[in-house]
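Colleague: I'd like to learn how to read a model like this one, feature by feature. Can you walk me through it?

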Amino acid sequence: MPSHDLPFLRAARREPTPFTPIWLMRQAGRYLADYRAVRERFSFLELCKNPAAAADVTLQPIDRLGVDAAILFADILLIIEPLGVGLEFSRGEGPVIHRPVRTGADVAKLEPIDVEAAVPFVFETVQLARRGLGGRVPLIGFAGAPFTLASYVVEGGSSRDYLHTKRLMYDDPEAWHRLMEILATAVARYLNGQITAGVQAVQLFDSWVGTLSPDDYRAFVLPHTRAVIQALSPGVPVIHFGTGTAALLPDMRRAGGDVIGLDWRVELDRAWASVGHDVAVQGNLDPAVLLASPAIIRQHVKTILQRAGGRPGHIFNLGHGVLPQTPVDHVRALVDAVHELSSR
Ligand code: CP3
């Protein structure tokens, strides 16, 4: 099949497909024994920086699960390492940034990020993964959206309330916009580098933007996300994803993207109507459903497919990433159920 006609890419263009394509966020991760075996040999950052190993991990879920797209194995935080903020992935704690950027003076000290020098290994992983896939399924590249990256840089790690981030945003909007511009420029170059290297679609993860009010989203985030999406090489579908975004979806759509990613806190049909049927949608099974039995998983799949109503432009996914506790058999049951129940 010419790569252009692969079901995932057709759905992203809202063209009819023989079945609803499915891929999963974090489909290559700790719930897979193969992945855990690789992680015995490398730390997470070492793995990201080793193109041969990262490409292998990218391919692991393809044969195991039968998903319709591969996602590059990398991380949204790799491009912030050259800011000199002291990025570390500590076991159990997730990412830690030892020298967070909290004030206008901190922002003033930041240099633009030289993406090509910082992450050559990511672009090499893309080339190896494309070769390994041999055109079976498309390869999705990704980056963090400016807000979600800023939240890590300012908080110093994961957060519940984003208080440091919001304080900077409200108290020193000029510094905030400067920080967002630095990140937006780097993200656009990061994604265009992945596109040049061979990714066939890209996903922009604004995972934590749901912490903002719609007014704040429009004032402090939307222009920067829009700048990223407008700077991308044309012809490659862009998936624009966030969580907790029920109230933000129409504005996220305005910021851009060919596909809007939905989490499970919204009903797919109402959410699709709120962004407009002239854009594709991706989602939106609660990842926790995969802890239940295959029979229950099937029921949830049915509901989501009914809400999509057979309309072209639905890509099946979870509302967020696969949880590490998920049984692999349940993921396979999900993929099979989506293919079987949607085939036309
Ligand atoms: O299969 C895939 O989805 C591809 C790889 C991928 C990773 N990170 C690998 C990873 C992708 C798409 C990401 C994106 C990412 N990274 C996001 C956005 C997606 C989301 O979940 O909202 C975010 C917020 C990050 C930052 C990050 N990296 C966090 C918060 C963590 C810790 C997560 C945890 O559960 O421990 C990471 C580490 C990370 N990135 C892991 C993986 C497989 C776990 C690392 C490990 O222990 O092996």
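Modeller: Sure, and keep in mind that this is a predicted model. Let's start with burial: phenylalanine 44 has a relative accessible area of 15%, so with the cut-off for buried at under 20% it counts as buried. Phenylalanine 89, at 22%, is partly exposed.

Colleague: How do I read those two rings as a pair, and what is the geometry between phenylalanine 44 and phenylalanine 89?

Modeller: You look at the ring centres and the angle between the planes. There are 8 aromatic pairs here by the distance rule. For phenylalanine 44 and phenylalanine 89, the centres are 4.6 Å apart and the planes meet at 70°, so this pair is edge-to-face. It also links distant parts of the chain, with phenylalanine 44 in helix α3 and phenylalanine 89 in strand β2 (residues 87-90), 45 residues apart. Both rings belong to one aromatic cluster, formed by Tyr35, Phe44, Phe73 and Phe89.

Colleague: And how is the pair of phenylalanine 147 and tryptophan 176 arranged?

Modeller: That pair is tilted, at 6.1 Å centre to centre with 55° between the planes. Phenylalanine 147 sits in helix α8 (residues 146-155) and tryptophan 176 in helix α10, so the pair ties together parts that are 29 residues apart in sequence. Both phenylalanine 147 and tryptophan 176 are buried.

Colleague: What about a charge and a ring: where does the charged end of arginine 311 sit?

Modeller: Over the ring of tryptophan 272, 5.2 Å from the ring centre.

Colleague: Next, the core. Which residues touch the most other members of the largest nonpolar core?

Modeller: Tyr190 and Leu334 do, in a core of 130 residues. Helix α10 (residues 173-197) is the top contributor, giving 13 residues. To see what surrounds a residue, skip its sequence neighbours: beyond four places away, tyrosine 190 has contacts that include Leu78, Ile79, Val115, Phe123 and Phe142.

Colleague: How do I check a helix, say α4: what span should its 15 residues have?

Modeller: Multiply the rise per residue by one less than the residue count. At 1.5 Å a residue, α4 (residues 51-65) should span 21 Å, and its end C-alpha atoms are 22 Å apart, which agrees. Then look at burial: 11 of the 15 residues are buried, so α4 is largely enclosed by the rest of the structure. Those buried residues pack against α2 (33-41), α3 (44-48), β1 (70-71), α7 (120-133), β4 (139-144) and α15 (328-342). Right after α4 comes glycine 66, with a positive phi near 75°.

Colleague: Which backbone oddities should I look for?

Modeller: Most residues other than glycine have a negative phi, and most peptide bonds are trans. Arginine 14 has a positive phi of about 65°, and arginine 26 has one near 55°. Arginine 14 is in the loop between α1 (7-12) and α2, and arginine 26 lies in the loop between α1 and α2 too. Arginine 14 is partly exposed at 36% relative accessibility, while arginine 26 is exposed at 54%. There's also a cis peptide bond joining glycine 283 and asparagine 284, with omega about -5°.

Colleague: Asparagine 284 is in strand β8 (residues 280-285). What does asparagine 317 touch?

Modeller: Beyond four places in sequence, asparagine 317 touches Trp23, Leu24, Met25, Gln282, Gly283, Asn284 and Leu285. Asparagine 317 is in strand β9 (residues 314-318) and is buried, at 0% relative accessibility. Its side chain reaches the backbone nitrogen of methionine 25 at 3.1 Å.

Key:
Residues numbered from 1 in each chain as written. Predicted model: local features only at pLDDT ≥ 70, side-chain atom pairs only at ≥ 80, totals over all residues. Heavy atoms only, no water. Core = buried A, V, L, I, M, F, W, Y, C linked by side-chain atoms within 4.5 Å. Buried < 20%, exposed > 50% of the residue type's maximum accessible area, 1.4 Å probe, protein only. Helix = DSSP H or I, 4+ residues; strand = E, 2+ residues; numbered from the N terminus. Contact = heavy atoms within 4.5 Å. Polar contact = N/O pair within 3.5 Å; in protein donor to acceptor, adjacent residues only side chain to side chain. Expected span 1.5 Å × (residues − 1). Phe/Tyr/Trp six-rings, centres within 6.5 Å; stacked < 30°, edge-to-face > 60°. Lys NZ or Arg CZ within 6 Å of the ring centre and 35° of its normal.
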